[in-house]
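Q: Please take one part of this protein and examine it closely, step by step. Then carry the same careful reading on to other parts of the chain.

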Amino acid sequence: MKKDFKPKSLRKKQDKINVSENDNQNSKKATKTVSVLPVKESHVEDTPLEKESHVEDTPLEKESHVEDTPLEKESHVEDTPLEKESHVEDTPLEKESHVEDTPLEKESHVEDTPLEKESHVEDTPLEKESHVEDTPLEKESHVEDASTGRESSVEDSILANSPPFEDASTKRSTLESNSGKRYEAEKVETKQVGAKSSESSVTIGTRIPRVQLVIGDPLEYRVARMFMMQGYFVRRGINIYTTGYIDTATDVDVLAIKYSDSFGRVMAISECKSGESKPLDRIFWLSGLKNYLNANRALLVRKPTRWNIKDFAKETGVEVIDNDYIDKLEEILEINKDKWLGYTDREFFVQRKNAWNEILRKDPLLSELFHTLSGEARFNEPFGAINYYVHHMRSLTKLYHRTGYGDKKSLIKYLLADASSQLIIFFMEICKSTFDLTSTDRKGFVSKKLTHGEMDPSLTQRIFDHAYYLSKQAASYYSGEPVEMDRSMFSMPEPDYSDDLIAFIEYLISRMSFVSHLPYSCDLLLAESFVKDNYHFKLKDNIDSTLLVRTLQGLDQYIKMLVKLDCLPIQVLDIIGKQLNK
């Protein structure tokens, strides 16, 4: 809308002449046009550089312009040709005044105030600004009157932090402060999410699950004991994560692994439901989880179930068992119902849950390893896992020697024992994939995999070659003369423990008929003697006598290797020595 230019001096004179005559008329007009704003208007002044608030006007109504003078505390209606005007739109259905904010902010709506109260925004010669107080609990903006101290409440939307009326001289600073407030409001600390918790951070990025020990149902410990007494390596409460451990997909109540004489693996998973549950839903879920983990058996343990549901479960590859089945199996295996060995002892974890969780919350090293151990289910990529476990076990061993007796030391012992037992599973997986190779080929294959992991060795070397030439050229350019660099710095170093690991793999393959019980025996021995300090535990009471000697010899070689690599404290040698003498 175009306006005729008028000098500022003439505009002020005309304002003094017309203000007394048209004051009442303009006041009524504003009340009619903006039904939700019966108070006198606050003063808004827009500079040409700032973004203005436009409220569209109907063609039949005149524009209302608001200007502040430092000497007067009244609302003056004036058409200013140099300033941008505020337009008021009168819609047939809603008679509201909508003030458009910046493109990133939503609309601010003005709340009705009593007629007798006025909201004044005073422009002083030194400070031409309107003060806005944002209260975090009440999503309102308060425009404070400089002369009377009164406040008029203005409803604030969730994203808009700026006041609906601003002085032109302070609009830029207000916008900058509002953008800072929005940035601070959107900054949310990344929270750690529990393995079975639905909490998640709202920031874009990786959500780190909160690491904690979870005590499961007593039925889970009973099923775990049933598998352990059959020679299985057993873990309870294993979490299944998505890529990068971002979200918890599901969990496995009981995971059991056992190896045959030729390193063939048998995996069984169990879902334990002691209360009410829908069996058909669990059957389909368990069938899908069995395929994902490439498990051999999947058991649904629940209360007595009808024969037709059990028959249907068999078609999906799931076995449905109840307490009667477990009672019979425990009787056949001669299991003492009052004896809980290894990690099937629920009371052991109940007593340490709170203390361990508090330590895990504060210690990043322990929480990282605990997170990895509690999330390992498929045991894929054994070479990368061995490097990872050896690195952390060395750090834990140093921490073990520096830590006194207490809850932290018991947690360190638990993590060392758990990592040692899982490490044997990875060794068995390597033996399964390499036992058909010659000794020379096996050594070369294992050495390359421990060095490069799952990456192609030739591709890795090409990357290092490019890095070498770029570094050499950069150093020569800045020095002004040719620079020779150590080529060995640009290559993947072979781990210092490769020879020891290869020797132990050769040992396992040469005795593959006698090492099938090694994961189970190592887990049970370290859990009872090292973690739970049960010095009277005898492994020979829980293993076949025909396998006892060879199994103890294999454990002796394994523990000696870990102690040599600083992955276990030397005190563990005394444990295996006592078992050999008993």
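A: **A surface patch, and what lies elsewhere**

Met455, Leu459 and Ile463 make a nonpolar surface patch of about 270 Å². A patch is built from residues with over 30% relative accessible area and no salt bridge, with like charges joined within 9 Å and nonpolar side chains (Val, Leu, Ile, Met, Phe, Trp, Tyr) joined within 5 Å. The areas come from the Shrake-Rupley method with a 1.4 Å probe, and for residues only the protein chains shown count as cover. A salt bridge is a side-chain nitrogen of Lys or Arg within 4 Å of a carboxyl oxygen of Asp or Glu.

This is a predicted model, in which local features need pLDDT of at least 70 and side-chain atom pairs count only at pLDDT 80 or more, while totals for chains, interfaces and linings use all residues. Residues are numbered from 1 along each chain as its sequence is written, and side-chain values use heavy atoms, with hydrogens and water left out.

Within the patch, Met455 is found in the loop between helix H11 (439–452) and helix H12 (457–479). Helices (H or I, at least four residues) and strands (E, at least two) are DSSP runs, numbered from the N terminus. Met455 counts as partly exposed because its relative accessibility is 43%; buried means under 20% relative accessible area, exposed over 50%, and partly exposed in between (1.4 Å probe, protein chains only).

Helix H12 also takes part in a salt bridge, for the side chains of Lys472 and Glu484 meet at 3.7 Å, N to O. Lys472 lies in H12 and Glu484 in the loop between H12 and H13, so the pair ties together parts that are 12 residues apart in sequence. The two partners can be compared by accessibility: Lys472 is partly exposed, with a relative accessible area of 24%, whereas Glu484 counts as exposed at 64%.

A search of the whole structure finds 25 salt bridges. In one of them, Asp327 pairs with Arg222, and the closest N and O atoms are 2.2 Å apart. This pair links distant parts of the chain, since Asp327 is in helix H6 (residues 323–332) and Arg222 in helix H3, 105 residues apart. Arg222 is buried, with a relative accessible area of 18%, while Asp327 is partly exposed at 28%. Leaving aside residues up to four places away in sequence, Arg222 touches Asn323, Ile326, Asp327, Glu330 and Trp340, where a contact means heavy atoms within 4.5 Å. Arg222, Arg225, Asp327 and Glu330 are linked in a network of salt bridges.

Another salt bridge joins Arg282 and Glu271, whose side chains meet at 3.2 Å, N to O. Here too distant parts of the chain are linked, with Arg282 in helix H4 and Glu271 in strand E12 (residues 265–272), 11 residues apart. Glu271 is buried, with a relative accessible area of 4%, and Arg282 is partly exposed, at 23%.

Helix H4 (279–293) is followed by a loop that leads to strand E13 (297–301), and Asn294 lies in that loop. Most residues other than glycine have a negative phi, yet Asn294 has a positive one, near 55 degrees. Glu381 likewise has a positive phi, near 50 degrees, and lies in the loop between helix H8 (364–375) and helix H9 (382–402). Asn294 counts as exposed at 59% relative accessibility, and Glu381 counts as exposed at 53%.

Helix H9 reappears around helix H15 (residues 545–564), because the cover of the buried residues of H15 includes H9, helix H10 (407–434), helix H13 (498–510), helix H14 (518–531) and helix H16 (572–581). Among those buried residues of H15 are Leu547, Leu548, Thr551 and Leu552. The expected span of a helix is 1.5 Å times one less than its number of residues, so the 20 residues of H15 should span 28 Å, which agrees with the 29 Å between its end C-alpha atoms. Just after H15, Asp566 takes a positive phi of about 60 degrees.

Taken as a whole, the protein has 16 helices and 14 strands, and 45% of its 582 residues count as buried. Its accessible surface comes to about 32100 Å², of which 51% belongs to carbon and sulfur atoms.
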